Amino acid sequence: LSDESDISILNDLKDISTPCIIKHNNSNNKSINDYINRLNILKLDENDIAKVTEARVTSVFCHPSSNKLIVAAGDKAGFFGLWDVNKNDVYNGGVYRYRPHVESIIRLYSSNNEPSKIYSASYD
């Protein structure tokens with residue numbers, strides 16, 4: 001990690017990962033408790049974090065690819081980032097950034113019929 005803000009985000013994530021306690025009095029208790037138990041065992045590793053955009057993220061989209069895990073994110077400055085999550089590139093960590101807009105990206109979308117295209121909407 002390069003600076004205090006990087007360490008700070010990890011500490012924040014640790015704080016929100018404390019076990020969730022929900023009390024319900026309906027017949028779905030078992031399935032809800034099973035779900036909570038599965039969520040509570042999830043772990044986040046430092047290598048599973050990437051800075052996908054330059055500024056604050058305003059839109060996130062998980063690509064519907066069946067053979068790769070690709071996450072797209074847009075930010076308030078118009079930057080668009082693609083993260084190939086399983087690519088361990090030393091140079092860029094599998095993150096590719098572009099700036100197709102000059103204003104905040106408010107929506108990212110890809111159609112199942114055309115998975116090679118990702119559409120973005122912005123205020124510009």
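Here is a walk through the structure above, from the whole chain down to a few single residues.

Let's start with a word of caution: this is a predicted model. The chain's mean pLDDT is 81, and 77% of its residues reach 70 or more. That confidence isn't spread evenly. Helix H1 (residues 4-16) has the lowest, with a mean of 58, while E1 has the highest, at 94. Where pLDDT is low, the predicted coordinates should not be read in detail. Keep that in mind when you look at H1, where confidence in the chain is lowest.

Now for the overall plan. The chain has two helices and six strands. If you follow the sequence from start to end, the pattern is α-α-β-β-β-β-β-β. Of the chain's 124 residues, 21% count as buried. The chain exposes about 9400 Å², and carbon and sulfur atoms supply 52% of that. How much of the contact pattern links residues that are at least 24 apart in sequence? Among contacts between residues at least 6 apart, 35% do.

Next, find the strands. Four of them make an open sheet, lined up as E1-E2-E3-E4 with antiparallel pairing. Which strands sit at the edges? They are E1 and strand E4 (95-98), each of which pairs on one side only. On average, neighbouring strands in this sheet are turned by 15° against each other, direction ignored. As for what joins such strands, strands of a sheet pair through backbone hydrogen bonds, either parallel or antiparallel.

Zoom in on one of those pairings. E1 and strand E2 (residues 70-75) run antiparallel and share five bridges. To get your bearings there, look for Cys62, which stands opposite Val71 in E2. Then move on to strand E5 (residues 105-111) and strand E6 (residues 114-122), which also pair in the antiparallel sense over five bridges. A hairpin of two residues takes you from E5 to E6. In this pair, Ile105 stands opposite Ser122 in E6.

Time to meet some individual residues, beginning with Thr58 in strand E1. Thr58 counts as partly exposed because its relative accessible area is 29%. Asp75 comes 17 residues away along the chain, yet the C-alpha atoms of Thr58 and Asp75 are separated by 4.9 Å. Leaving out residues up to four places away in sequence, Thr58 touches Gly74, Asp75, Lys76, Ser104 and Ile105. With Ile105 there is also a polar contact: the side chain of Thr58 reaches that residue's backbone oxygen at 2.4 Å. You met Ile105 a moment ago as the residue opposite Ser122 in E6.

Just past E1 comes a loop leading to E2, and His63 lies in that loop. Is His63 buried or exposed? It is buried, because its relative accessible area is 13%, and the cut-off for buried is under 20%. A polar atom of the His63 side chain lies 2.6 Å from the backbone oxygen of Pro115. Setting aside neighbours within four places in sequence, His63 is in contact with Ile70, Ser110, Pro115 and Ile118.

Now step back to the loop between helix H2 (29-40) and strand E1 (57-62), where you'll find Thr53. Thr53 has a relative accessible area of 3%, so it is buried. Its side chain reaches the backbone oxygen of Ala55 at 2.9 Å. Beyond its neighbours within four places in sequence, Thr53 is in contact with Ala73, Gly74, Asp75, Phe79, Gly81 and Arg97.

That last name takes us to the final stop, since Arg97 lies in strand E4. With a relative accessible area of 38%, Arg97 is partly exposed. Which residues does Arg97 touch, not counting those up to four places away in sequence? They are Lys51, Val52, Thr53, Glu54, Phe80 and Gly81. Two of these meet its side chain through their backbone oxygens: the one from Lys51 lies 2.4 Å from a polar atom of the Arg97 side chain, and the one from Val52 lies 3.2 Å from a polar atom of that side chain. Finally, Trp83 is 14 residues from Arg97 along the chain, and their C-alpha atoms are separated by 8.8 Å.

Terms used: Residues numbered from 1 in each chain as written. Predicted model: local features only at pLDDT ≥ 70, side-chain atom pairs only at ≥ 80, totals over all residues. Heavy atoms only, no water. Helix = DSSP H or I, 4+ residues; strand = E, 2+ residues; numbered from the N terminus. Buried < 20%, exposed > 50% of the residue type's maximum accessible area, 1.4 Å probe, protein only. Polar contact = N/O pair within 3.5 Å; in protein donor to acceptor, adjacent residues only side chain to side chain. Contact = heavy atoms within 4.5 Å. Pairing = 2+ DSSP bridges. Axes fitted to C-alpha atoms, helices over the stretch in contact; angles between N-to-C directions. pLDDT = per-residue confidence, 0-100. Areas by Shrake-Rupley, 256 points an atom, 1.4 Å probe, with all protein chains shown as cover.
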